[in-house]
Every structure is written in structure tokens, then in C-alpha cells.
Amino acid sequence: MKLKDELPVDHHLARVYRVGSALCGMILLCFGCLGFADFLSPFNTSGDKIAGMTTNSALSALSVVFGVALLGGAVVGGNFASSLNMTVGSLFLLSGFWHLFVLDRPANFLDFGMTNVIFSFVMGLVILTFGMYGRVSGRLPHDNPYWQRRHPEAASGEARDGHRARETEPTAFSEPSEAPVPRRISDRRRR
């Protein structure tokens, strides 16, 4: 079973995916636009700060790209928004780990500081949570009404198969002579 099959497109949680995607997309878009408004140079690592985080034009451009992508996911909605949120959230977490290791090194061309790393972790977890909310969980048994609502064809097929099996197979209590005999306490102790 694939992850995309877990939730139908018209599920009520699609609103959660849209709101989460739109909210996080707007935050990233605002951060990127503020970076462009300051006319920062690309790949500059001088420590220019916007909203308490160091930035340059390259980081602003990436923020705008991911912000627009998340806003596009909010417009499309459904499983697409959920999958996009999970992907972007994972990328933000990976970016946080990567930039944690390259702080104060020449490979830090996006001018990340510790506040940027923390923001990347927090934003990644928020976006990832919005994407996974209600979609990724433990396996539900097939007699669960939520599973049946998600898989109506399979649930009706299992109900038919189960009904046929009950009609053809004898049960343990079908005849009075087959009723189990209660055991005495002394019999239980011997085993």
C-alpha cells in the first residue's frame, strides 16, 4: 500500500493541509521579500540580518521559491498539499542539519547562523507535521470505521467475503454437544 492511497482527496483533513501550507508559505515568502527589499548581494556572508536571521540574496530567493511552492500546494490542496508539505518539511530538516555542520566554514554560502538553523528545524517540523497530520499513523484494523470510510470498495468486499465464510463454515457452538466443558481449577494448575 502506498502512502498516497491512505487518504482520499476529499477528506476533511485536506483543509489542515491547505492552511498549513498557506501559513508556512506566507512566512517564507515574507522573509524572502524582506531580503530582496534590502538589496542584499548574492552569496554575501557578511552577516546582514533580516527578522533576526542572517541572510543574503540567494537565501531570499530560495525562501521565495519554497514560499510560492507551498502557496501553490495550498491552492491545489488534497493529497498534493500533504505530500508537498512532507517533502518541503524534510528538506528544511536536512538543511538545518547540513548548515549546523557548515557554520563558520566556507561551504556556508547561504550565510546561515545559529538562528537560521533553529528556524530551519522549527519550520521543517511544523511543515512536516501539517503534511503528516492524520495521514501517517499506525495501521488501522479493517473493521475500524475510519479504515472502512477510507477504503469503501475493499470494506464492502471483505464484508461480503466474511458473510459468505460465516454461512459455509460451521462455528464452534453450532451444536449443543460441541459446547466447551468448563475446566476445574485443579485441571488448570496441572498445565
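Q: What percentage of the 191 residues in the chain do buried residues make up, and what makes a residue count as buried?
A: Of the 191 residues in the chain, 35% are buried, a term for a relative accessible area under 20%, with exposed meaning over 50% and partly exposed in between (1.4 Å probe, protein chains only). The model is a predicted one, in which local features need pLDDT of at least 70 and side-chain atom pairs count only at pLDDT 80 or more, while totals for chains, interfaces and linings use all residues. Residues are numbered from 1 along each chain as its sequence is written, and side-chain values use heavy atoms, with hydrogens and water left out.

Q: What makes up the secondary structure of the chain, and in what order do the elements run from the N terminus on?
A: There are seven helices and two strands, taken as DSSP runs numbered from the N terminus (H or I over at least four residues for a helix, E over at least two for a strand). Their order from the N terminus on is α-β-β-α-α-α-α-α-α. Among the contacts in the chain with a separation of 6 or more, 69% come from residues 24 or more positions apart, where contact means heavy atoms within 4.5 Å.

Q: Why does the span of helix α1 agree with what its residues should give?
A: The expected span of a helix is 1.5 Å times one less than its number of residues, so that the 24 residues of α1 (residues 14–37) should span 34 Å, and the end C-alpha atoms are indeed 34 Å apart, in agreement. The test can be repeated on α2, whose 20 residues should span 28 Å and whose end C-alpha atoms are 28 Å apart, which again agrees.

Q: Which residues of α1 are buried, and what do they pack against?
A: The buried residues of α1 include Tyr17, Cys24, Leu28, Leu29 and Phe31, together with the glycines Gly20, Gly25, Gly32 and Gly35. The buried residues of this helix pack against β1 (49–50), β2 (53–54), α2 (57–76), α3 (78–101) and α4 (114–132).

Q: Why is α1 called oblique to α3?
A: The axes of α1 and α3 come within 9 Å and cross at roughly 45°, the axes being lines fitted to C-alpha atoms over the stretch in contact and the angles running from 0 to 180 degrees between N-to-C directions. Angles under 35 degrees count as roughly parallel, over 145 as roughly antiparallel, 65 to 115 as roughly perpendicular and the rest as oblique, and the crossing angle therefore makes α1 oblique to α3. The crossing is left-handed, meaning that the near helix is turned anticlockwise from the far one by less than a right angle, whereas clockwise would be right-handed. The contact involves Ala14, Tyr17, Arg18, Ser21 and Leu28 of α1 and Gly78, Ala81, Ser82, Asn85 and Phe92 of α3. These residues divide into five nonpolar, four polar and one charged, with Ala, Val, Leu, Ile, Met, Phe, Trp, Tyr, Cys and Pro counted as nonpolar, Asp, Glu, Lys and Arg as charged, and the others, Gly among them, as polar.

Q: How do you know what to call the orientation of α2 and α3 to each other?
A: Their axes are 7 Å apart and the helices pack at an angle of about 155°, and α2 and α3 are therefore roughly antiparallel to each other. The crossing of α2 and α3 is left-handed. Residues making the contact include Phe66, Leu70 and Val76 of α2 and Phe80, Leu84 and Leu91 of α3, and the contact residues divide into 10 nonpolar, three polar and no charged.

Q: What orientation do α1 and α4 have, and what makes it so?
A: The axes of α1 and α4 come within 8 Å and cross at roughly 160°, and the two helices are therefore roughly antiparallel. The crossing of α1 and α4 is left-handed. Among the residues in contact are Val16, Tyr17 and Ile27 of α1 and Phe119, Met123 and Phe130 of α4, and the division is 10 nonpolar, two polar and no charged.

Q: Why is Ser60 called buried, and why does Ala107 count as partly exposed?
A: Ser60 lies in helix α2 and counts as buried because its relative accessibility is 0%. Not counting residues up to four places away in sequence, Ser60 touches Gly32, Gly35, Phe36 and Thr55. Ala107 sits in the loop between α3 and α4 and counts as partly exposed because its relative accessibility is 34%. Leaving aside neighbours within four places in sequence, Ala107 is in contact with Trp98 and Val102.
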